[in-house]
Amino acid sequence: DISNKNQFSFGLHNFVGNVSHLEYLLIEPVPISYSSKGIQFSFKRYLSSNSKESGFFTEVGLEISSLKASSTIDLSSQIYDLGSFTLTCETCGEVVLKTNNDNQKLIPSLILGWQQKINENFGFSIGAGIQYFDLPHFILETTEGDNFPPYVRKKINSIIDNTNMELDNYGNIIPTITINTSFIF
């Protein structure tokens, strides 16, 4: 039955948490807070079976997501090199580095996977593939009164530049892994 070889689906996701750390030029690593909210639409084609049986599948998906990351650096706890001098800036306070994407992103994906049916109504699937995502860059969140001394500004710019170079190393084709459960009622 060809109608059981194809399946359309959608899913919602919401994740908020720390995913990594900024370390470059910092006394101690600071966490990178990440949030992702969105909806995904997908078309699944079963290769050797149908949607009611275990077997391999391919999936094409399109996700609409709001992806944001930020990190707060306490500038007063950092040290700054100025030639042969080492300085601090106890009045500098905190600064926030954040991604420069404030709108929704479209993220297409292609996955090859396996569906395992437990019974007629319940199953799970696992898949691996690629997705296309134009990674954002980190910028300094500007606030009133950010008149930092030149040696502080130089360190902030260096941290931002290094972070963006690291992100550029990943490219726009990102590996993806999916784990899903399904319940048919």
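**View 1. L25 sits in the loop between β1 and β2.** Strands, here and below, are DSSP runs of E with at least two residues, while helices are runs of H or I with at least four residues, and both are numbered from the N terminus. This is a predicted model, where local features need pLDDT of at least 70, side-chain atom pairs count only at pLDDT 80 or more, and totals for chains, interfaces and linings use all residues. Residue numbers start from 1 along each chain as its sequence is written, and side-chain values use heavy atoms, with hydrogens and water left out. Have a look at the backbone of L25: its phi is near 65 degrees, a positive value in a residue other than glycine. L25 counts as partly exposed because its relative accessibility is 42%, given that buried means under 20% relative accessible area, exposed over 50%, and partly exposed in between (1.4 Å probe, protein chains only).

**View 2. Two residues of strand β1, G11 and V16, are shown with their contacts.** V16 is part of strand β1 and is exposed, with a relative accessible area of 61%. Setting aside neighbours within four places in sequence, V16 is in contact with Y34 and S35, where contact means heavy atoms within 4.5 Å. S33 is 17 residues from V16 in sequence, with 7.4 Å between their C-alpha atoms. G11 belongs to strand β1 too, and at 28% relative accessibility G11 counts as partly exposed. Residues up to four places away in sequence aside, G11 touches G38, I39 and Q40. The C-alpha atoms of G11 and N180 are separated by 9.9 Å, though these two residues are 169 residues apart along the chain.

**View 3. E59 and K44 form a salt bridge.** The structure holds one such pair, and its closest N and O atoms are 3.9 Å apart. The cut-off asks for a side-chain nitrogen of Lys or Arg within 4 Å of a carboxyl oxygen of Asp or Glu. The pair links distant parts of the chain: K44 comes from strand β2 (residues 30–46) and E59 from strand β3 (residues 55–74), 15 residues apart. Both partners are tucked away from the surface: E59 counts as buried at 7% relative accessibility, and K44 counts as buried at 9%. As a general note, side chains of opposite charge can pair when their charged atoms come close.

**View 4. C89 and C92 are joined by a disulfide.** The structure holds one disulfide, a term that covers a pair of cysteine sulfur atoms within 2.5 Å. Here the S to S distance is 1.9 Å, and the link is right-handed, with 75 degrees about the S-S bond. C89 is buried at a relative accessible area of 6%, and C92 is buried at 10%.

**View 5. Helix α1 spans residues 150–168.** With its 19 residues, α1 reaches 27 Å from its first C-alpha to its last, close to the 27 Å expected at 1.5 Å a residue (the expected span is 1.5 Å times one less than the number of residues). The buried residues of α1 include V152, I156, I159, I160 and L167, and also the polar-named K155, N162, T163 and N164. These buried residues pack against β1 (6–22), β3, β4 (80–82), β6 (94–99) and β9 (138–140).

**View 6. F133 and T176 are two buried residues with their neighbours drawn in.** F133 is found in the loop between β8 (122–132) and β9, and is buried with a relative accessible area of 11%. Not counting residues up to four places away in sequence, F133 touches L67, K105, I107, G171, N172 and I174. K105 is 28 residues from F133 along the chain, and their C-alpha atoms are separated by 8.1 Å. T176 lies in strand β10 and counts as buried at 13% relative accessibility. With neighbours within four places in sequence left aside, T176 is in contact with I111, G127, A128, G129, I130 and Q131.

**View 7. Seven side chains, L47, F56, L112, W114, I126, I177 and I179, make a nonpolar surface patch of about 730 Å².** Patch members have over 30% relative accessible area and no salt bridge, and nonpolar side chains (Val, Leu, Ile, Met, Phe, Trp, Tyr) are joined within 5 Å, like charges within 9 Å. Areas come from the Shrake-Rupley method with a 1.4 Å probe, and for residues only the protein chains shown count as cover. β7 (105–117) and β10 (173–183) each supply at least two residues of the patch. One of the members, L112, is in strand β7 and counts as partly exposed at 47% relative accessibility.
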